[in-house]
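Dear colleague,

I am passing on the structure below for you to look at, and my notes on it follow directly after.

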Amino acid sequence: MFDLTKVSKAFSDKNRLKILTLLSGGSKNVGEVANSLKVEENLASHHLRVLAGIGFLKSNKKGREVYYAINREKVDTVLVDIKKEILK
């Protein structure tokens, strides 16, 4: 089961939703995410950590860069759990 409070908090910021949309097109590093959102890298990194913390993102280090991608299995599981919770 998932923690609805953490998931709700993760979705409460529009930039995090934009990150999920951005990453649906493939993996990106912090700099690419920051440029797309037009924010500083430290803020983009914070948002990526929040999403990774609830398991929605996977990371892969390539040299000095960390690339983030959507963890589709986790997202799918949480969406099914939310549906079950709503339809109780």
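F56 counts as buried, because its relative accessibility is 2% and the cut-off for buried is under 20%. Please keep in mind while reading that this is a predicted model, and that the remarks below apply to it as such. F11, by contrast, is partly exposed, with a relative accessible area of 30%. These two residues belong together in what follows, since the structure holds 1 aromatic pair, and F11 and F56 form it, with 5.6 Å from centre to centre and 55° between the planes, an arrangement that is classed as tilted. The pair links distant parts of the chain, as F11 lies in helix α1 (residues 4-11) whereas F56 lies in the loop between α4 and β2 (57-62), 45 residues apart.

The helix packing comes next. A pair of packed helices is described by the angle between the axes and the distance between them.

For helix α2 (residues 14-23) and helix α3 (residues 30-37), the axes come within 11 Å and cross at roughly 120°, which makes α2 oblique to α3. The crossing in which α2 passes α3 is right-handed. On the α2 side the contact is made by N15, K18, I19 and L22, and on the α3 side by V33, S36 and L37; by class, the residues of this contact of α2 with α3 divide into 4 nonpolar, 2 polar and 1 charged.

Helices α3 and α4 pack at an angle of about 105°, with their axes 8 Å apart, and α3 is therefore roughly perpendicular to α4. Here V30, G31, V33 and A34 of α3 make the contact with E41, A44, S45 and L48 of α4, and the residues involved in this contact of α3 with α4 divide into 5 nonpolar, 2 polar and 1 charged. V33 is thus named in the contact of α3 with α2 and again in the contact of α3 with α4.

As for α2 and α4, their axes come within 10 Å and cross at roughly 80°, so that α2 is roughly perpendicular to α4. The residues that meet are N15, R16, I19, L20 and L23 in α2 and H46, H47, L48, V50 and L51 in α4; the residues of this contact of α2 with α4 divide into 6 nonpolar, 3 polar and 1 charged. Both N15 and I19 of α2, which take part in the contact with α3, are also listed in the contact with α4, and L48 of α4 is named in the contact with α3 as well as in the one with α2.

Two single residues may also deserve your attention when you go through the model. N29 has its place in strand β1 (residues 28-29) and is buried, with a relative accessible area of 10%. Leaving aside residues up to four places away in sequence, N29 touches E65, V66 and Y67. The C-alpha atoms of N29 and S45, which are 16 residues apart along the chain, are separated by 9.3 Å, and S45 is one of the residues of α4 that contact α3.

The other residue is K38, which is found in the loop between α3 and α4 (41-53). K38 has a positive phi of about 60° although it is not a glycine, and most residues other than glycine have a negative phi. At 75% relative accessibility, K38 counts as exposed, whereas N29 is buried.

With best regards

Notes: Residues are numbered from 1 along each chain as its sequence is written. This is a predicted model: local features need pLDDT of at least 70, side-chain atom pairs count only at pLDDT 80 or more; totals for chains, interfaces and linings use all residues. Side-chain values use heavy atoms; hydrogens and water are left out. Axes are lines fitted to C-alpha atoms, for helices over the stretch in contact, and angles run from 0 to 180 degrees between N-to-C directions. Helices (H or I, at least four residues) and strands (E, at least two) are DSSP runs, numbered from the N terminus. Angles under 35 degrees count as roughly parallel, over 145 as roughly antiparallel, 65 to 115 as roughly perpendicular and the rest as oblique. A crossing is left-handed if the near helix is turned anticlockwise from the far one by less than a right angle, and right-handed if clockwise. Contact means heavy atoms within 4.5 Å. Ala, Val, Leu, Ile, Met, Phe, Trp, Tyr, Cys and Pro count as nonpolar, Asp, Glu, Lys and Arg as charged, and the others, Gly among them, as polar. Buried means under 20% relative accessible area, exposed over 50%, partly exposed in between (1.4 Å probe, protein chains only). Rings of Phe, Tyr and Trp (its six-membered ring) pair if their centres lie within 6.5 Å; planes under 30 degrees apart count as stacked, over 60 as edge-to-face and the rest as tilted.
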